[in-house]
Amino acid sequence: MIRDFRINGAKAPDAMHKAKVNMATGMGVVKEDSTTDKFANITSAETVADIFIVDKERVPSGINCARGDMSDYDNDFVKIKANEPVSLNKYHAGEKFGTDQYDETITSDLALNTRVAWKNGLVTKATIASPYVFKGFHNDNGHLLAQIEVSDTAVSNA
């Protein structure tokens, strides 16, 4: 799941890619473009370079089509299947977003203002210089989101 807390609403996400593997909205992905295909893929290496946060169109399926209101956390809205079209959000300095796609084993290591990176699609404590800053957890109606703010400077954790 992804929530925009503070963004420049004038920019448009890249909607020209498909998911290369099964993933969830809010994961950090990289582009894999070829002359014939454009994919968003999860990288197993820790990275902050050219990271995009994946999202998708919220379209209900099956019995959910009859529902009037649905949770933003419903599987129809957050689970992405391989080859499904996605949109890729690139966040810039001064913007802030939240995601539930973080490595839960490191939550005790994430102090306020810790620099973070993405590994296997999940937010994790950075061991490399990063412009992404952890700004605490946000309780989104019972769902904890890691708040990430983008700095204009990439630095390493102390």
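**Reading the sheet and its aromatic residues**

Tutor: In this predicted model, Asn 139 stands opposite Leu 144, a residue of β13. Asp 140 likewise stands opposite His 143 in β13.

Student: What makes β12 and β13 a pair of strands?

Tutor: Two strands count as paired when at least two bridges are found between them. Eight bridges join β12, residues 130–140, to β13, residues 143–155, and the two run antiparallel, so the requirement is met. The hairpin that these strands form has two residues between them, and Asn 141 takes a positive phi near 55 degrees there.

Student: How do you know that strand β9 also pairs with β13?

Tutor: The same rule applies, since at least two bridges are needed, and four bridges join β9 (residues 96–99) to β13 in an antiparallel arrangement. Thr 99, for instance, stands opposite Ala 146 in β13.

Student: In what order do the six strands form the open sheet?

Tutor: The order is β1-β9-β13-β12-β10-β11, with antiparallel pairing. The edge strands are β1 (2–6) and β11 (122–125), each of which pairs on one side only. From one strand to the next, the twist averages 45 degrees.

Student: Why is the aromatic pair of Trp 118 and Tyr 132 called edge-to-face?

Tutor: The ring centres must lie within 6.5 Å for a pair, and planes over 60 degrees apart make it edge-to-face. Trp 118 and Tyr 132 are 4.8 Å apart centre to centre, with 90 degrees between the planes, so both conditions are satisfied. Because Trp 118 lies in strand β10 (residues 115–119) and Tyr 132 in β12, the pair ties together parts that are 14 residues apart in sequence.

Student: Why are Trp 118 and Tyr 132 both called buried?

Tutor: Buried means under 20% relative accessible area. The value is 0% for Trp 118 and 4% for Tyr 132, so both residues are buried.

Student: What makes the rings of Phe 134 and Phe 137 a pair, and which kind is it?

Tutor: Their centres are 5.0 Å apart, and their planes stand at 70 degrees. With limits of 6.5 Å for the centres and over 60 degrees for edge-to-face, this pair is therefore edge-to-face. Phe 134 is buried at 2%, whereas Phe 137, at 31%, is partly exposed because its relative accessible area falls between 20% and 50%.

Student: How do you know that the charged end of Lys 90 sits over the ring of Phe 52?

Tutor: The distance to the ring centre must be within 6 Å, and for Lys 90 and Phe 52 it is 5.3 Å. The charged end of Lys 90 is accordingly reported as sitting over that ring.

Student: Which residues touch the most other members of the largest nonpolar core?

Tutor: Of its 20 residues, these are Ile 53, Val 116, Trp 118, Tyr 132 and Ile 148. The elements giving two or more residues to this core are β10, β12 and β13. Another core, of 10 residues, lies apart from it and has Ala 19, Ala 40, Val 86 and Leu 88 among its members.

Student: Which residues does Tyr 132 touch, not counting those up to four places away in sequence?

Tutor: Among them are Val 48, Ile 51, Lys 90, Tyr 91, Trp 118 and Ile 148. Tyr 132 also belongs to one aromatic cluster with Tyr 91, Phe 97 and Trp 118.

Notes:
Residues are numbered from 1 along each chain as its sequence is written. This is a predicted model: local features need pLDDT of at least 70, side-chain atom pairs count only at pLDDT 80 or more; totals for chains, interfaces and linings use all residues. Side-chain values use heavy atoms; hydrogens and water are left out. Axes are lines fitted to C-alpha atoms, for helices over the stretch in contact, and angles run from 0 to 180 degrees between N-to-C directions. Rings of Phe, Tyr and Trp (its six-membered ring) pair if their centres lie within 6.5 Å; planes under 30 degrees apart count as stacked, over 60 as edge-to-face and the rest as tilted. Buried means under 20% relative accessible area, exposed over 50%, partly exposed in between (1.4 Å probe, protein chains only). A charge sits over a ring if NZ of Lys or CZ of Arg is within 6 Å of the ring centre and within 35 degrees of the ring normal. A nonpolar core is a set of buried Ala, Val, Leu, Ile, Met, Phe, Trp, Tyr and Cys residues joined through side-chain atoms within 4.5 Å. Contact means heavy atoms within 4.5 Å.
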